[in-house]
Amino acid sequence: MIYLGIETSCDETSVAVWSHDTLLKEITHTQIPMHAVFGGVVPELASREHLRKLDALITLLQKELGKDLFSRLDLVAVTRGPGLLGALLVGIAYAKALALGLGIPIIGVNHLHAHLLACNFSGAITYPALGILVSGGHTHIYQMTSPHSFVLLGKTLDDAAGEAFDKIGKILNLPYPGGKYIDLLGQYGIANPKLFSKPYLNNDNCDFSFSGLKTAAYNYVQKHNIPVVNYNNLELSAAPQQVKDLCATINDVIVETILEKTRRALALCPETRTLCLAGGVAANTLLRQRVDNFSQTRNINFLAPPQKYCGDNAAMIAYAGMQLARSNRSSALDFEAIPRGRPLPDDYISNPFIEE
Ligand code: KG4
Ligand code: ZN
């Protein structure tokens, strides 16, 4: 069985092919340099760039895997949502046309679930698992009882962790995306855990709210005259020590907040066997270390995708599609794209083929 995956939900155009349990090839075109000029993703530009690049990437896949690739495909998996609506539509329209033309099934994949299932790239997830999904648009905690059963225990009420990182990066004039650079610079700084309170802990739920942290960081930078440097002409390592210390503090406060909510989720799901950490922010060095250490103290298996597969990629979409197909699921050809903020319907239909 050969599975094609297509990902166009945000600022990466990505295609990948799995054969049984082997990733044959993944090709990703990142739009980050294009959006960096604007300090964030411009949705209209993202859609246009997906439209410009997607077919070229598929052609490259054919070059790498053989001109007869299309005739060997058994299924197309594509990100259905959540994501930027125009960006999603590009991938979905392409995937539908391909599936229709080749007469093969299609599966619309939940992007967030796919991020978490990519933990299988590092080792086998044992269920029940707890899924911590931290990305640019989402901070979700799920109870996972199988590769296709996700129960949402907590979510972000405003800014996601990645969004908070990126907005604070912008306040400090760091390159885009800020999360990556706050992680890097923080490694050369000393955190002051007393500087900011951990946001939205004064409750008994597993939800998150990071927008106040962004405002607190802004006020701190203004009040203490933290130097805001133009990094275009400067090596990042030459950043002022105050900036490095502030980055270490931001890393610490975000990571500790995520850990506290993880503790609460674990109290709700004491039978958890694996702690899965995924999404773009799962690339964060401190977060990986602390969630790993925490899992060890609880005797729970810890899994995060290799850093290369923390951000958006089609390998995880094809892989999630493969899991769904194996449980006899596929999508009707008229499925809609689901933008951020709307839950994905569980409207799979039965799969017209059974994997040999
Ligand atoms: O999952 P992703 O690639 O896209 C979405 O689906 O949102 O996540 C992108 C987010 C950005 O906010 C970026 O700043 C953050 O992941 N990110 C990081 C790191 N690398 C990427 N945040 C913290 N530390 C990192 N090393
Ligand atoms: Zn993502």
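Helix H6 (residues 161-171) is mostly covered, with eight of its 11 residues buried. Here, buried means under 20% relative accessible area, exposed means over 50%, and partly exposed lies in between (1.4 Å probe, protein chains only). Helices (H or I, at least four residues) and strands (E, at least two) are DSSP runs, numbered from the N terminus. This is a predicted model, where local features need pLDDT of at least 70, side-chain atom pairs count only at pLDDT 80 or more, and totals for chains, interfaces and linings use all residues. Residues are numbered from 1 along each chain as its sequence is written, chains are lettered from A and ligands numbered from 1 in the order in which they are written, and side-chain values use heavy atoms, with hydrogens and water left out.

So much for the ground rules; back to the helix. Which residues of H6 are buried? They are Ala 161, Gly 162, Glu 163, Ala 164, Phe 165, Ile 168, Gly 169 and Ile 171. What do they pack against? Their partners are strand E6 (129-134), strand E7 (139-146), helix H7 (178-186), H8 and helix H9 (241-268). Contact means heavy atoms within 4.5 Å.

**Backbone oddities**

Most residues other than glycine have a negative phi, and most peptide bonds are trans. A few spots in this chain go the other way. Just after H6, Asn 173 takes a positive phi of about 65 degrees. Asn 225 and Asn 299 are two further cases, and here is where they sit:

| Residue | Phi | Place | Relative accessible area |
|---|---|---|---|
| Asn 225 | about 50 degrees | loop between H8 and H9 | 63% |
| Asn 299 | about 60 degrees | loop between helix H10 (285-297) and E10 | 75% |

Neither of them is a glycine. Asn 225 counts as exposed, and Asn 299 is exposed too.

Then there are the cis peptide bonds. One runs from Tyr 127 to Pro 128, with omega near 0 degrees, and Pro 128 belongs to the loop between H5 and E6. Another runs from Tyr 176 to Pro 177, with omega near -5 degrees. You can find Pro 177 in the loop between H6 and H7.

**The zinc ion**

Now look for the metal. Which residues coordinate the zinc ion (ligand 2)? The answer is His 111 (NE2), His 115 (NE2) and Asp 312 (OD), at 2.0 to 2.2 Å. Donors are N, O and S atoms within 2.8 Å of the metal (3.2 Å for Na, K and Ca); water is not among the atoms, so sites may look incomplete. Along the chain, the donors of this zinc ion follow the spacing H-x3-H-x196-D. His 115 and Asp 312 link distant parts of the chain, 197 residues apart. His 115 is in helix H5 (residues 111-117), while Asp 312 is in the loop between strand E10 (301-303) and helix H11 (314-326). Are these two residues buried or exposed? Both His 115 and Asp 312 are buried.

**Two residues to click on**

Start with Tyr 220, which lies in helix H8 (residues 211-223). Leaving out residues up to four places away in sequence, Tyr 220 touches Leu 195, Phe 196, Ile 226 and Leu 246. Tyr 220 and Phe 196 are 24 residues apart along the chain, and their C-alpha atoms are separated by 9.4 Å.

Next comes Gln 241, in helix H9. Gln 241 is partly exposed, with a relative accessible area of 42%. With residues up to four places away in sequence again left out, Gln 241 touches Tyr 188 and Gly 189. How far is Gln 241 from Leu 333, going by C-alpha atoms, and what is the separation along the chain? It's 55 Å in space and 92 residues in sequence.

**Zooming out**

Overall, the protein chain has 11 helices and 12 strands. Its C-alpha atoms fill a box of roughly 65 × 50 × 30 Å, taken along the principal axes. With 356 residues, a compact globule would have a radius of gyration near 21 Å, and this chain agrees with its 20 Å. That radius is taken over C-alpha atoms, and the globule rule is 2.2 Å times the number of residues to the power 0.38. Of the 356 residues, 55% count as buried. Among contacts with a separation of 6 or more, 71% come from residues 24 or more positions apart.
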